[in-house]
There are 2 protein chains.
Amino acid sequence: MRADARRNREAIVAAARAAFDRDEQLRFDDFADRAGVGVGTLYRHFPTREALAAAVYQGEVIALCERARASTRSAGEALESFLRGFVDYVLAHAALARVLADLVTPDVQVTGGSELERTIAELMARAAAEGVIRDDALPGAVMIVLHGIGSSIDRPHWPRESRAAIELLLDGLGPDHRDGEVDSSRTSGT
Amino acid sequence: MRADARRNREAIVAAARAAFDRDEQLRFDDFADRAGVGVGTLYRHFPTREALAAAVYQGEVIALCERARASTRSAGEALESFLRGFVDYVLAHAALARVLADLVTPDVQVTGGSELERTIAELMARAAAEGVIRDDALPGAVMIVLHGIGSSIDRPHWPRESRAAIELLLDGLGPDHRDGEVDSSRTSGT
DNA sequence: GCATTAAGTGGAGATTGTCTCCGTTTGATA
DNA sequence: TATCAAACGGAGACAATCTCCACTTAATGC
């Protein structure tokens, strides 16, 4: 890769990161201006807005994933803290939430997305092997909840509700309800 | 309302319902062509794509909601069957999923959305009063999961994963884990 | 150094989808 | 059947995305 190409690419990513961090809503072409390059250059490096967002966050997401997979804690703890940590990270980076949809939908060729799902699947498998979560839970179901968190950013109480959703999910993952659901046997006549 | 206005409005809704049912991805202006009216007429009746989608689905969603609230079954059963039923309905109407985002984000002036959330809140309150779900669960957290289901439509195993997500949610709502989460006390050394 | 050239650049303008505006038509009312 | 406010239609303004290609520049060989 030629030196000027790399320089431009990095300038674009840096400009995009700055804009995302302030949660600015920019037209795609504006990222080119911000980086001081032409739109042609922008499009050559990043064919879509999602590709750009991925370049900005891929590193961080993958780092989170690797930290979790390398964790020496029990599988249950690793899974719990990964999910809570991921949600905290998303809450702190609204722009990531706005593109999480694409990180989560695997059809796009974005490494961060499949990496996220792979990590969750691995942590769940380990936790299930330890018996601390049910062994019939689908990683995809967890992805769907994360997706919901990412795309609910415009709700008034987004952070609180997101954390609540994760807690419900973690509870639901517990090993004690292979049958369960809402405990209808307790139904009183009220 | 003038007769021709009503006729046009109904023609637009009918055309939109037909297009949605086939999950066609139309430009907004095309709904006007399909209904045989001008774009001006389309925009006067439905300022946004979401308003149109709401007109198509509001009735059905509100009907689902009212049926659930009128249910004479125990609150736990009503909540369970409402959530499962709603997901089934969404799975059967992909186009609804695509606009669920807006039905779920309350800033938009769409009656169906707040109606959905109000229904969930009410069913949850009743179930909590009966003691069949925890009383500290936020309706918003449930909305987030529904939102996730709606916006995960492009995932390969969307239906299965969506149902799995609802089951996890229902399990998590159960009354037995006021503390809980993943049961770390069971952690073995493995 | 200096030519060669493939890789890279920039931005004008094509394209596409959304939305507005206003001259014309039509249904309701008396 | 005259009146007029309500409703209509669609040309075209507008906004965002994306392509294309004439020009520039870094790398390579001599």
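A polar contact is a pair of N or O atoms within 3.5 Å; within protein, one must be able to donate a hydrogen and the other to accept it, and residues adjacent in sequence count only if both atoms are side-chain atoms. This is a predicted model, in which local features need pLDDT of at least 70 and side-chain atom pairs count only at pLDDT 80 or more, while totals for chains, interfaces and linings use all residues. Residues are numbered from 1 along each chain as its sequence is written, chains are lettered from A and ligands numbered from 1 in the order in which they are written, and side-chain values use heavy atoms, with hydrogens and water left out.

Select A:R2 to begin: an N or O atom of its side chain is 2.6 Å from a base nitrogen of DNA strand C. Go next to A:R44, whose side chain has an N or O atom 2.6 Å from a phosphate oxygen of that strand, and then to B:D29, where the corresponding distance, to a base nitrogen, is 2.9 Å.

Now select the 20 residues around DNA strand C, that is, those with a heavy atom within 4 Å of the strand; A:R2, A:N8, A:T41, A:R44 and B:F28 come nearest. On the DNA side, sugar and phosphate make up 56% of the strand C atoms that come within 4 Å of the protein.

Finally, turn to helix α4 of chain B, residues 49-70 (helices are DSSP runs of H or I, at least four residues, numbered from the N terminus), and centre on B:Y57, where there is a kink of about 50°, the bend being the angle between axes fitted to the seven residues ending there and the seven starting there.

Technical notes: Helix = DSSP H or I, 4+ residues; strand = E, 2+ residues; numbered from the N terminus.
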